[in-house]
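This report addresses the domain arrangement, the ligand surroundings and the backbone geometry of one protein chain. Please consult the sequence and structure shown below while reading.

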Amino acid sequence: MKIAVLPGDGIGTEIVAEAIKVLKALDLPFQMETALVGGAAFAAHGHPLPDATLKLAKEADAILFGAVGDWKYDNLERHLRPEQAILGLRKNLGLFANFRPAICYEQLVDASSLKPELVAGLDILIIRELTGDIYFGQPRGRRTSVDGLFPGAEEAFDTMRYSKPEIERIAHVAFQAARKRSKRVTSVDKANVLETFQFWKDVVSEVGKQYPDIALDHMYVDNAAMQLVKAPKKFDVIVTGNMFGDILSDEASMLTGSIGMLPSASLNASNQGLYEPSHGSAPDIAGKGVANPLATILSAAMMLRFSLNQESAAQRIEAAVQSVLRQGLRTADIYSEGTTRVSTLEMGNAVVKAL
Ligand code: NAD
């Protein structure tokens, strides 16, 4: 089981170190190799995704990824910015299906920004298409002087685009995931305004005919954003495009108490996957030892389940995380009165001990 470890920037190195500790405690035959990515790779090699890092990732069964990004790189040309590394990995490895479960652990009900009765028992799965949409559409660019529609004006543009096969394959992923859950899929679009998402809706409906056992409904993204905070438990599986999925999954993360709790898996057609917390590099708290490592540790559990075929080890990690939460241990982001505040390192150690 070959794992490429790409810690990245900011809190990435701190949280990945804790996940590695947990993986090592399982005593399974992992081969782990670490490489630079993001701002750290740019600083050392002049590129956020050096060839050697990409090669390591391609040859691995799975990639454990921390986070990339730092404000100090905000003025770099776009193709050299740290965030391009994650887009490059997704594109190069064909990681089109992003799974973001949002589960509200019983012990964290009070850490949610919503009333306990709205989130207690919450268990939804957001499936975000990851290699299409406006993040990858061409043409994109900036014009300082244009003729035609806005003569002489400055403008910037990105193109929203989806092909039929791209929508079909993510729809299949969603319907198949729903079969293992409560058999409901909500497809989120903006078909009332965007041609791309009318097409999305039509294709998802067509694929849905092959899954008569699954109830499919469609919802506009603005309504979905509202329903997620009004009655989140109404959802089971949500499937949506790259940009809407990006935004809705961050929104859903707060229902669970903190973005520091939310793992993710990004898979390609052969189940090779990249596993990372849903949050970014959090430069505001980097180096302080306060970041929550649980999203990364739970991402490692998803890695064992989806790419390494180690279901029982995945369950052991998830049970260990529940156990530390039951013990009342909390990093700052999920701390509430009456619980014990711990550092990133102490949280990792507690999970290892619980294992
Ligand atoms: P962020 O997710 O890094 O942080 C948002 C807020 O959540 C911050 O207040 C942060 O302190 C907090 N937070 C995040 N993770 C936490 C954790 N594990 N424990 C406790 N608190 C946590 O988002 P941002 O501030 O918008 O972006 C920071 C950088 O990360 C940017 O450069 C952005 O581009 C990048 N980013 C990278 C990824 C990725 O690597 N996949 C994803 C999102 C953002």
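How far is an oxygen atom of the ligand from an N or O atom in the side chain of Asp 284? The distance is 2.9 Å. The model is a predicted one, and the separation is accordingly a computed value.

## Ligand surroundings

The ligand is surrounded by 20 residues, of which Glu 83, Gly 280, Ala 282, Asp 284 and Asn 292 come nearest. Asp 284 thus appears both in this group and as a side-chain partner of a ligand oxygen atom.

Two further polar contacts involve His 279 and Ser 281. For His 279, an N or O atom of the side chain lies 3.1 Å from a nitrogen atom of the ligand. For Ser 281, the partner is a polar backbone atom, located 3.1 Å from an oxygen atom of the ligand.

## Domain organisation

Two domains divide the chain: domain 1 is formed by residues 1–96 together with 268–355, and domain 2 by residues 97–260. A distance of 23 Å separates their C-alpha centres. Domain 1 contributes 19 residues to the contact, and domain 2 contributes 22 residues.

## Interface between the domains

About 2,000 Å² is buried between domain 1 and domain 2, with carbon and sulfur atoms giving 63% of this area. On the side of domain 1, the residues that lose the most area to domain 2 are Arg 90, Phe 96 and Ser 278, which together account for 34% of what that side buries. The interface has 6 residue pairs in polar contact, both members at pLDDT 80 or more, while the count of salt bridges between the two domains is 0.

Which elements give two or more residues to the side of domain 1 that touches domain 2? They are α4 (83–93), α10 (294–306) and α11 (311–326). The largest share, 4 residues, comes from α10. Classified by residue type, this side of domain 1 has 9 nonpolar, 5 polar and 5 charged residues.

## Backbone geometry

Most residues other than glycine have a negative phi, and most peptide bonds are trans. Two sites in the model depart from these patterns. The peptide bond from Gln 138 to Pro 139 is cis, with omega near 0 degrees; Pro 139 is placed in the loop between β5 (123–129) and β6 (141–146).

The second site is Asn 271, a residue other than glycine with a positive phi of about 65 degrees. Asn 271 belongs to the loop that lies between β11 (263–267) and β12 (273–277).

How values were computed:
Residues are numbered from 1 along each chain as its sequence is written. This is a predicted model: local features need pLDDT of at least 70, side-chain atom pairs count only at pLDDT 80 or more; totals for chains, interfaces and linings use all residues. Side-chain values use heavy atoms; hydrogens and water are left out. Domain bounds come from an automatic or database domain assignment. Contact means heavy atoms within 4.5 Å. Buried area is the accessible area (1.4 Å probe) that two parts lose on being put together, summed over both. A salt bridge is a side-chain nitrogen of Lys or Arg within 4 Å of a carboxyl oxygen of Asp or Glu. A polar contact is a pair of N or O atoms within 3.5 Å; within protein, one must be able to donate a hydrogen and the other to accept it, and residues adjacent in sequence count only if both atoms are side-chain atoms. Ala, Val, Leu, Ile, Met, Phe, Trp, Tyr, Cys and Pro count as nonpolar, Asp, Glu, Lys and Arg as charged, and the others, Gly among them, as polar. A residue is near a molecule or strand if one of its heavy atoms lies within 4 Å of it.
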